[in-house]
Amino acid sequence: MDDRIVVGVDGSPSSLTALRWAVDEAKLRGAVVEAVLAWHVEYSMVIGPMSAAVAAGMDRDKLREDSRALLEELVGGTGGDVRAVLAEGDARDVLVRASRDAALLVVGSRGAGPIRGVLLGSVSSYCVHHAHCPVVVIREPGRTAPSEPVEHKPVITPGPLL
């Protein structure tokens with residue numbers, strides 16, 4: 001295990017919060033941060049004939065460069081020493097691979113809900129169950145209104161959680 005904190009980023013509010021949290025935690029630990037953005041062309045989402053706009057959006061080179069630009073923007077806004085890692089593949093697999101020999105994996109959670117979570121799968125849930133190191137899941141900012149009652153239930157997982 002090394003002094004490396006891996007954080008998954010995608011530009012969502014929860015991933016930005018996770019990135020800031022990871023940078024702060026790295027300062028406390030004297031660790032380095034790797035911000036990992038996974039990209040891939042999702043051909044399986046296309047059913048039937050596709051429009052020119054859809055086909056243009058599936059240009060691998062453009063998608064990779066757009067992802068690289070987003071990653072550089074996210075890392076540049078941290079104010080910390082963060083290494084940008086752009087990886088092709090499904091985010092779940094990329095982050096679990098990146099967690100090998102890491103001290104910590106940090107991911108955001110958008111709270112997609114049960115239906116969307118079942119259909120698409122939850123990256124954060126997958127990482128909690130398959131990562132090679134402890135995982136911190138950061139919820140999307142403002143997901144729970146202060147006036148809503150919060151029922152505290154114990155969390156039981158098969159792996160390490162922080």
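**Group meeting: a predicted model, its cores and its helices**

I begin with the part to treat with caution: over residues 115-120, pLDDT (the predictor's confidence in each residue, from 0 to 100) stays under 50. For that stretch the model has five contacts beyond four places in sequence, a contact being heavy atoms within 4.5 Å. Where pLDDT is low, the predicted coordinates should not be read in detail.

This is a predicted model, in which local features need pLDDT of at least 70 and side-chain atom pairs count only at pLDDT 80 or more, while totals for chains, interfaces and linings use all residues. Residues are numbered from 1 along each chain as its sequence is written, and side-chain values use heavy atoms, with hydrogens and water left out.

Across the chain, pLDDT averages 79, and 68% of the residues score at least 70. Confidence is lowest in helix H5 (residues 114-120), at a mean of 46, and highest in strand S1, at 96. Helices (H or I, at least four residues) and strands (E, at least two) are DSSP runs, numbered from the N terminus.

Let me turn to the interior. A nonpolar core here is a set of buried Ala, Val, Leu, Ile, Met, Phe, Trp, Tyr and Cys residues joined through side-chain atoms within 4.5 Å. Buried means under 20% relative accessible area, exposed over 50%, and partly exposed in between, with a 1.4 Å probe and protein chains only. The largest nonpolar core has 22 residues, and those with the most contacts inside it are Val7, Val9, Leu19, Val33, Ala35 and Val106. Two or more residues each come from S1, H1, S2, H3, S4 and S5, and H1 gives the most, with five. Apart from this core lies another, of 15 residues, among them Val36, Val94, Leu105 and Cys127.

What does Ala35 touch, leaving aside its neighbours within four places in sequence? Its contacts are Val7, Val9, Leu19, Leu71, Val75, Val82, Arg83, Ala84 and Val85.

Next, helix H3. Its 17 residues, 60-76, should span 24 Å at 1.5 Å a residue, and the end C-alpha atoms are indeed 24 Å apart; the expected span is 1.5 Å times one less than the number of residues. The buried residues of H3 are Ser67, Leu71, Leu74 and Val75. Seen down the axis, they fall within an arc of 90°, so they line one face of the helix; the arc is that of the directions from the helix axis to the C-beta atoms. These buried residues pack against helix H1 (13-29), S2 and S3. On the other side of H3, Glu73 and Gly76 are exposed.

Helix H4 (residues 91-98) buries Val94, Leu95, Val96 and Ala98. Their cover includes strands S1 (4-8), S2 (32-39), S3 (82-88) and S4 (104-109), together with helix H6 (123-130).

I close with three individual residues. Ser109, in strand S4, counts as buried at 12% relative accessibility. Beyond its neighbours within four places in sequence, Ser109 is in contact with Ser14, Ser124, Val137, Ile138, Arg139 and Glu140.

Val136 belongs to strand S5 (residues 135-139) and, at 7% relative accessibility, is buried. Its C-alpha atom is separated by 9.3 Å from that of Ala22, although the two residues are 114 residues apart along the chain.

Finally, Ala31 lies in the loop between H1 and S2 and is buried, with a relative accessible area of 17%. Leaving aside neighbours within four places in sequence, Ala31 is in contact with Asp3, Arg4, Ile5 and Ala26.
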